[in-house]
Amino acid sequence: MQSLRPEERPIFQLQYDDQKKSVLAGVLLSLFLGEFGVAWFYLGNQGKGVLYLLVFLISFPLMLVGIGFLIFALVVLATILDACLMGGTVQKTNREIGRQI
């Protein structure tokens with residue numbers, strides 16, 4: 001933003017404010033819907049969101065065999081870790097958004 005001319009700064013700020021992601025929303029999505037990958041979809045990381053969703057959906061039929069509980073437990077642990085690290089992840093995403101504008 002420092003390299004922008006003064007007349008470009010308000011335009012940049014409007015675009016950035018429109019596209020930036022909320023840390024609170026990221027943390028809450030990760031805590032409550034993280035097993036489905038919703039927080040990653042929110043941040044624009046569809047690949048990781050799809051991975052979380054598929055692993056979650058695959059773990060349910062596997063619970064009949066017993067191994068699904070282990071997979072589900074790993075998904076829950078990964079979700080808790082994601083929620084703890086979400087603040088930094090959102091800030092990184094917002095920096096990337098700022099660079100793209």
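A residue counts as exposed when its relative accessible area is over 50%, and as buried when that value is under 20%, with partly exposed residues in between. Leucine 64 has a relative accessible area of 80% and is therefore exposed. The structure described here is a predicted model, and the account below moves from its surface to its interior and then to its charged pairs.

**The surface around leucine 64**

Leucine 64 lies in the loop between helix 4, which covers residues 46–62, and helix 5. It belongs to a nonpolar patch on the surface, which is formed by Leu64, Val65, Ile67, Leu70, Leu74, Leu77 and Ile80 and has about 780 Å² of accessible area together. Helix 5 itself covers residues 67–100.

Glycine 68 is also found in helix 5, but with a relative accessible area of 0% this glycine is buried, because the limit for that class is under 20%. Leaving aside neighbours within four places in sequence, glycine 68 is in contact with Ser59, Leu62 and Met63. The C-alpha atoms of glycine 68 and valine 55, which stand 13 residues apart along the chain, are separated by 9.7 Å.

**The interior**

In soluble globular proteins, nonpolar side chains tend to be buried together. In this model, the largest nonpolar core has 6 residues, namely Ala39, Trp40, Leu43, Tyr52, Met86 and Val90. Two or more residues of this core come from each of helix 3, which covers residues 38–42, and helix 5. Valine 90, one of the core residues, is in contact with Lys21, Ser22, Val23, Gly26 and Leu43 when its neighbours within four places in sequence are left aside.

Glycine 49 is found in helix 4 and is buried, with a relative accessible area of 0%. Its contacts, again leaving aside neighbours within four places in sequence, are Phe36, Gly37, Trp40 and Phe41, and Trp40 in turn is a member of the largest nonpolar core. Between the C-alpha atoms of glycine 49 and valine 38, 11 residues apart along the chain, the separation is 6.3 Å.

Which backbone atom lies 2.7 Å from a polar atom of the side chain of asparagine 94? It is the backbone nitrogen of lysine 21. Asparagine 94 has its place in helix 5 and, at 9% relative accessibility, counts as buried. Not counting residues up to four places away in sequence, asparagine 94 touches Tyr16, Lys20 and Lys21. Lys21 is thus in contact with asparagine 94, and Lys21 is also among the residues in contact with valine 90.

**The start of the chain and the salt bridges**

Leucine 4 lies in the segment before helix 1, which covers residues 9–19. This leucine is partly exposed, with a relative accessible area of 23%, and, leaving aside neighbours within four places in sequence, is in contact with Arg9 and Phe12.

Side chains of opposite charge can pair when their charged atoms come close. The count for this model comes to 4 salt bridges, and the table gives some of them, with the separation of N and O atoms for each pair.

| Acidic residue | Basic residue | N to O distance |
|---|---|---|
| Glutamate 7 | Arginine 5 | 2.7 Å |
| Glutamate 8 | Arginine 5 | 3.4 Å |
| Aspartate 17 | Lysine 20 | 3.9 Å |

Arg5, Glu7 and Glu8 are linked in a network of salt bridges. Within this network, arginine 5 counts as partly exposed at 47% relative accessibility, and glutamate 8 counts as partly exposed at 28%.

Why does the pair of aspartate 17 and lysine 20 count as a salt bridge? The closest N and O atoms of the two residues are 3.9 Å apart, and a side-chain nitrogen of Lys within 4 Å of a carboxyl oxygen of Asp is what the term requires, so the pair qualifies. Aspartate 17 is partly exposed at 38% relative accessibility, and lysine 20 is partly exposed with a relative accessible area of 41%. Lysine 20 is, besides, one of the residues that the buried asparagine 94 touches.

Terms used:
Residues numbered from 1 in each chain as written. Predicted model: local features only at pLDDT ≥ 70, side-chain atom pairs only at ≥ 80, totals over all residues. Heavy atoms only, no water. Helix = DSSP H or I, 4+ residues; strand = E, 2+ residues; numbered from the N terminus. Buried < 20%, exposed > 50% of the residue type's maximum accessible area, 1.4 Å probe, protein only. Polar contact = N/O pair within 3.5 Å; in protein donor to acceptor, adjacent residues only side chain to side chain. Contact = heavy atoms within 4.5 Å. Patch = residues over 30% accessible without salt bridge, like charges linked within 9 Å, V, L, I, M, F, W, Y side chains within 5 Å. Areas by Shrake-Rupley, 256 points an atom, 1.4 Å probe, with all protein chains shown as cover. Core = buried A, V, L, I, M, F, W, Y, C linked by side-chain atoms within 4.5 Å.
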